[in-house]
Amino acid sequence: MDSVSNASVTVEISGSKESPEIPEPARSGAAGAEVLTIEDLHVEVEGHEILRGVDLVVKEGELHALMGPNGSGKSTLANAIAGNPAYRISSGRILLRGEDVSSWPADARARAGMFLAFQYPEEISGVPVSQFLRQAVSARRGTDISVLEVRVSLMEWMQRLGMDPAFASRYLNEGFSGGEKKRNEILQMAMLEPDLAILDETDSGLDVDALRIVARGIEEVRRVRPALGILLVTHYRRILEELQPDRVQVMLEGRIVESGGPELAERLDREGYEELR
Ligand SMILES: Nc1ncnc2c1ncn2[C@@H]1O[C@H](COP(=O)(O)OP(=O)(O)O)[C@@H](O)[C@H]1O
Ligand SMILES: [Mg+2]
């Protein structure tokens with residue numbers, strides 16, 4: 001029943017539709033199975049069409065940066081992928097590892113291997129980080145994991161991410177600094193073992209230290225989990241100085257208007273988005 005979370009990389013590759021043009025060697029050395037496939041996606045928010053035909057493919061091991069000016073639809077895309085019910089898909093499809101999840105509720109998508117940094121409540125009073133993660137990991141695996149198992153894995157990850165062990169006992173998001181919130185997001189991503197992670201860096205107040213935390217954390221999770229596909233929403237090139245994206249996608253007025261390698265982010269920095277209009 002739990003075919004998605006059990007699907008190993010090798011199984012998926014043998015059943016994948018291979019793309020004839022493989023522009024870049026996959027990091028993982030795999031044949032580049034598609035983790036996320038978006039086909040001609042149209043999304044409405046409160047009766048207004050915000051996404052107007054988005055196509056996007058994220059393959060195993062790839063890190064995509066999604067850039068674009070404010071209001072271009074980046075967060076709308078992230079919400080639609082995650083299954084936020086306020087974002088109505090009027091046409092097109094979203095596939096996770098080749099399976100059409102367009103009509104699935106958000107929790108089913110999460111169980112199937114999708115991770116969204118902002119999908120969890122801001123603050124849960126009285127719930128320690130460790131307890132929250134145990135519940136979240138159990139939900140993802142479809143079976144209760146023991147206190148001990150979560151503790152061991154949590155301690156390992158906190159060490160890798162350079163976090164103070166005392167953090168595990170703190171209440172979720174209560175009084176977290178910006179940097180701690182970011183670390184906690186990365187910790188959740190690591191512990192939940194997703195196939196696809198969507199990180200929306202909505203917080204324009206992220207300072208250089210927080211950006212570095214996110215960048216290093218992402219690198220560490222990719223090292224341990226090389227097939228993970230990541231869609232990183234960002235309007236800043238700064239994080240892309242810390243983190244080499246495989247692809248840069250540019251969104252403008254609800255469509256992806258340009259796609260390229262890391263050099264595209266540099267060009268946008270020089271020329272801005274006006275050139276693309
Ligand atoms: N929940 C919402 N209700 C109404 N309008 C929304 C909502 N979410 C997004 N929009 C509108 O959709 C457009 C795209 O917004 P958004 O996806 O947040 O852009 P970005 O993340 O690129 O800044 C904007 O015009 C915004 O006002
Ligand atoms: Mg946004």
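Let me start at the ligand: helix H3, residues 74-82, gives the most to the shell around ligand 1, with 3 residues. Please keep in mind throughout that this is a predicted model. The residues around ligand 1 are Val-45, Glu-46, Ile-50, Gly-68, Asn-70, Gly-71, Ser-72, Gly-73, Lys-74, Ser-75, Thr-76 and Ala-86, and when they are sorted by class the shell comes to 3 nonpolar, 7 polar and 2 charged residues.

One of those shell residues, Glu-46, takes us to the first sheet I want to describe, since Glu-46 lies in the turn of the hairpin formed by E1 and E2, where there are 2 residues between the strands and where Glu-46 has a positive phi of about 45°. The two strands of that hairpin, E1 with residues 34-45 and E2 with residues 48-59, pair in the antiparallel sense over 9 bridges, and Glu-44 stands opposite Glu-49 in E2. E1 also pairs with strand E4, residues 87-96, again in the antiparallel sense and over 8 bridges, with Leu-36 opposite Leu-96 in E4. E4 in turn pairs with E5 over 2 bridges, antiparallel as well, and there Leu-95 has Asp-100 of E5 as its bridge partner.

Put together, these 4 strands make an open, antiparallel sheet in the order E2-E1-E4-E5. E2 and strand E5, residues 99-100, stand at its edges with a single partner strand each, so one side of each is left without a neighbour in the sheet.

Now to the other sheet, which is also open but has 6 strands, in the order E6-E7-E8-E3-E9-E10, and in which the pairing is mixed. Its edge strands are E6, residues 114-116, and E10, residues 255-260, each of which pairs on one side only. Neighbouring strands of this sheet are turned by 20° against each other on average, if direction is ignored. Helix H10, residues 262-271, packs on the sheet and touches strand E3 (63-67), strand E9 (247-252) and E10, with its direction making about 45° with that of E9.

At the E10 edge, E9 and E10 pair in the antiparallel sense over 5 bridges, and Leu-252 has Arg-255 in E10 as its bridge partner. These two strands form a hairpin with 2 residues between them, and Glu-253 in the turn has a positive phi of about 45°.

At the E6 edge, 3 bridges join E6 to strand E7, residues 196-200, and the two strands run parallel. Met-114 stands opposite Leu-196 in E7, and what else do Met-114 and Leu-196 have to do with the largest nonpolar core? Both are among the residues that touch the most other members of that core, which has 70 residues; the others in that group are Ala-197, Ile-198, Ile-230, Leu-231 and Leu-232. The largest share of the core, 6 residues, comes from helix H8, residues 208-224. As background, nonpolar side chains in soluble globular proteins tend to be buried together. Ala-197, if we leave aside its neighbours within four places in sequence, is in contact with Phe-115, Met-189, Leu-228 and Ile-230.

Finally, the overall figures: the secondary structure of the protein comes to 10 helices and 10 strands, and 39% of its 277 residues are buried. Of the contacts with a separation of 6 or more, 71% are between residues 24 or more positions apart.

Terms used
Residues are numbered from 1 along each chain as its sequence is written. Chains are lettered from A and ligands numbered from 1 in the order in which they are written. This is a predicted model: local features need pLDDT of at least 70, side-chain atom pairs count only at pLDDT 80 or more; totals for chains, interfaces and linings use all residues. Two strands pair if DSSP finds at least two bridges between them. Axes are lines fitted to C-alpha atoms, for helices over the stretch in contact, and angles run from 0 to 180 degrees between N-to-C directions. Two residues are in contact if their C-beta atoms, placed from the backbone, lie within 7 Å. A residue is near a molecule or strand if its C-beta atom, placed from the backbone, lies within 6 Å of it. Ala, Val, Leu, Ile, Met, Phe, Trp, Tyr, Cys and Pro count as nonpolar, Asp, Glu, Lys and Arg as charged, and the others, Gly among them, as polar. A nonpolar core is a set of buried Ala, Val, Leu, Ile, Met, Phe, Trp, Tyr and Cys residues joined through C-beta atoms within 7 Å. A residue is buried if 20 or more other C-beta atoms lie within 10 Å of its own, exposed if 12 or fewer, and partly exposed in between; C-beta atoms are placed from the backbone.
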